[in-house]
Amino acid sequence: MSRPSAYSRGRHFGACMLLGRVYAEQYRVESTLYEGALSVAYKAWTLEDGSPCTLHVLREQISKSSGASERFFQLAQRLAPLRDAKIIAWTDYGVADDDTLFWVENFSHERCLADALQAQGALDAVQVATLGIEVGQALSTLHQGSQYHGGLSARWVWLPKSGASPARVSGASLSDLLA
């Protein structure tokens with residue numbers, strides 16, 4: 001995993017600061033996927049091979065809080081080796097020149113559960129049951145990999161592309177950083 005050099009000058013929060021820029025000399029930022037309390041997620045493209053990815057940048061106040069960097073790298077070391085169809089794997093992580101922390105995941109699913117619920121409304125009973133089983137299997141895999149996922153939300157569950165299965169869970173549990 002890398003320890004990147006400069007990506008741009010100035011602070012990146014609000015989220016629009018990174019749009020159209022190259023981050024960590026490795027990722028071209030295309031758009032903001034969402035802004036959460038702890039981080040901002042961007043759709044980006046790797047410069048190495050042009051593949052899409054999700055770039056997560058922790059908010060500055062979280063990155064610089066006492067012990068957060070150490071806890072972040074402990075989390076990253078547990079998550080980076082996990083490879084399972086039910087988990088969205090971390091492909092890179094590091095610290096930027098301004099000491100904010102970031103991680104990168106493969107981008108392969110169309111939308112998160114939160115966006116799907118907002119667009120289509122409630123799920124039917126079969127969809128809820130299927131999604132419950134798939135998310136449960138993903139959480140079981142994370143727990144077996146010594147990763148407790150205490151901060152699960154609809155933003156961390158990604159629905160499959162048409163005809164694909166299963167839904168996947170992001171391995172990040174940012175609540176671990178707030179100890």
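**Exercise 1.** What is the order of the 6 strands in the open sheet, and is the pairing parallel or antiparallel?

*Solution.* This is a predicted model, in which local features need pLDDT of at least 70 and side-chain atom pairs count only at pLDDT 80 or more, while totals for chains, interfaces and linings use all residues. Residues are numbered from 1 along each chain as its sequence is written, and side-chain values use heavy atoms, with hydrogens and water left out. Strands are DSSP runs of E with at least two residues, helices are runs of H or I with at least four, and both are numbered from the N terminus; two strands pair if DSSP finds at least two bridges between them. The order is E1-E2-E3-E4-E7-E6, with antiparallel pairing. At the edges stand strand E1 (22-23) and E6, each of which pairs on one side only.

**Exercise 2.** Find how many bridges join E6 to E7, and state how enclosed E6 is.

*Solution.* Between E6 and E7, which run antiparallel, there are 5 bridges, and Gly94 stands opposite Phe102 in E7. Of the 6 residues of E6, 5 are buried (under 20% relative accessible area, 1.4 Å probe, protein chains only), so E6 is largely enclosed by the rest of the structure.

**Exercise 3.** Check the span of helix H2 (residues 68-79), and name elements that its buried residues pack against.

*Solution.* The expected span is 1.5 Å times one less than the number of residues, so the 12 residues of H2 should span 16 Å, which agrees with its end C-alpha atoms being 16 Å apart. The buried residues of H2, among them Phe72 and Leu75, pack against elements including strand E4 (52-58) and helix H4 (125-144), where contact means heavy atoms within 4.5 Å.

How values were computed
Buried < 20%, exposed > 50% of the residue type's maximum accessible area, 1.4 Å probe, protein only.
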